[in-house]
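Trainee: I'd like to learn how to read a model like this one, feature by feature. Can we walk through it together?

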Amino acid sequence: MTATVLVIIHGLIAVAVLGAITHQTLATWTPVRAKRGSFFSRFRSVPPASFANAFIVLYLVAALLGAIVYLDFRVDVRPQLERDGHFEALGLFDLKEHFSSIGLGLIPAYWVAWRRPLAEDLRGWRAGLTVIFAFIVWWSYLIGHVLNNILGFG
Amino acid sequence: MASRKFAFTFGTAFAICYAIAVGRQLALFTVFPSLGLVLPGTVQSRDVADPALGFLAPAMYWYGWIATATLGAFAAGMISLTVPEAWTRRVWQGWLWAIPVAAMAACVKFTLPWFRL
């Protein structure tokens, strides 16, 4: 029961992480000056630096919750998936754990890159790290959903 | 500038150390969640339980890999603080994203056996 609650909280925080990094990535890679226009223009016209601290906190909390829930996954869920032959799903989940771990190591660099006032010479850091985090977060979110739903509800 | 050097080195070294830890099975410790055990180093299930009952004592290395990578990255970060500024200016900034991407690709390679089962 506790694990189920933690997984739900983990998933809700993941939604917030996903929103923050998607906004930031689009604003970093395709910035617009205009405040009005299409939905896409408004989506990417946010100041990207404003998401950095929230992203760091949310990413760390999501990783911590994931690390706690992982214990239950290993004992109760993974054996069932192995028995049912869901080996591709387990491989994809292993990649989620590897990618999110590498992301953890990049958090200090991300924090330095987005620290205000923004350093002009770190523009490359910011763009590169943000897109890496976007990939990690999207991958983790989608694969987390696949694993969560693979055995059905109940 | 010191925080930049440390963060840059920590991030790249973490990615390298993590990929090595996964590839070479270098976990600082192993967790056996069903037994409530944490043992130093990389320990196989068959070493703590009868091989026939190994499935009852699944081993988790992920926490140990992260600990190994953190330790290595922290050491590299501290060493980087002693490197003169003139040297670090010559380092290509792109390594900060290129090395983690390479480490992620290495992790994909290590995970391929799952897809051949």
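Trainee: What is the mean pLDDT of chain B, and what share of its residues reach 70 or more?

Mentor: Keep in mind that this is a predicted model. Where pLDDT is low, the predicted coordinates should not be read in detail. In this case chain B has a mean pLDDT of 90, with 93% of its residues at 70 or more. Among the elements of that chain, α3(B) has the highest mean, 97, and helix α2 (residues 45-48) of chain B the lowest, 70. For the complex, the predictor gives an ipTM of 0.91 and a pTM of 0.91.

Trainee: Okay, on to chain A. How many helices and strands does it have?

Mentor: Five helices and zero strands, so to speak an α-α-α-α-α run from the N terminus on. Its C-alpha atoms fill a box of roughly 55 × 35 × 25 Å along the principal axes. Of the 154 residues in chain A, 36% are buried. Look at sequence separation too: among contacts in chain A between residues at least 6 apart, 74% join residues at least 24 apart.

Trainee: Now the interface. How many residues does each chain bring to the contact?

Mentor: Chain B brings 33 residues and chain A brings 27. On the chain B side, α1 (2-23), α3 (62-80) and α5 (95-115) each supply at least two residues. The most come from α5(B), with 11. By class, that side of chain B splits into 26 nonpolar, six polar and one charged.

Trainee: And how should I read the nonpolar core? Which residues have the most contacts inside the largest one?

Mentor: The general idea first: in soluble globular proteins, nonpolar side chains tend to be buried together. Here the largest nonpolar core has 57 residues, and those with the most contacts inside it are A:Val17, A:Ala109, A:Leu129 and B:Tyr18. Elements from both chains give two or more residues to this core, including α4 (87-114) of chain A and β1 (29-32) of chain B. The top contributor is α1(B), with 13 residues.

Trainee: Which residues does B:Tyr18 touch, leaving out those up to four places away in sequence?

Mentor: Across in chain A, B:Tyr18 touches A:Ser101, A:Ile102 and A:Gly105. In chain B, the partners of B:Tyr18 are B:Trp65, B:Ala69 and B:Ala103.

Trainee: What about helix packing? At what angle do α1(B) and α3(B) pack, and how far apart are their axes?

Mentor: Two packed helices are described by the angle between their axes and the distance between the axes. For α1(B) and α3(B), the angle is about 145° and the axes are 7 Å apart. The crossing of α1(B) past α3(B) is right-handed. Among the residues making the contact are B:Phe10, B:Phe14 and B:Tyr18 of α1(B), along with B:Trp65, B:Ala69 and B:Phe74 of α3(B). By class, this contact has 13 nonpolar, six polar and one charged residues.

Trainee: Last stop, the backbone. Where is the cis peptide bond?

Mentor: The cis bond joins A:Arg116 and A:Pro117, with omega about 0°. A:Pro117 sits in the loop between α4 and α5 of chain A.

Trainee: And what is phi of B:Gln25?

Mentor: Near 55°, a positive value in a residue other than glycine. You'll find B:Gln25 in the loop between α1 and β1 of chain B. B:Gln25 counts as partly exposed because it has 15 C-beta neighbours inside 10 Å.

Key:
Residues numbered from 1 in each chain as written. Chains lettered and ligands numbered in written order. Predicted model: local features only at pLDDT ≥ 70, side-chain atom pairs only at ≥ 80, totals over all residues. Contact = placed C-beta atoms within 7 Å. Helix = DSSP H or I, 4+ residues; strand = E, 2+ residues; numbered from the N terminus. Nonpolar A, V, L, I, M, F, W, Y, C, P; charged D, E, K, R; others polar. Core = buried A, V, L, I, M, F, W, Y, C linked by C-beta atoms within 7 Å. Buried ≥ 20, exposed ≤ 12 C-beta atoms within 10 Å, placed from the backbone. Axes fitted to C-alpha atoms, helices over the stretch in contact; angles between N-to-C directions. Left-handed = near helix turned anticlockwise from the far one by under 90°. pLDDT = per-residue confidence, 0-100.
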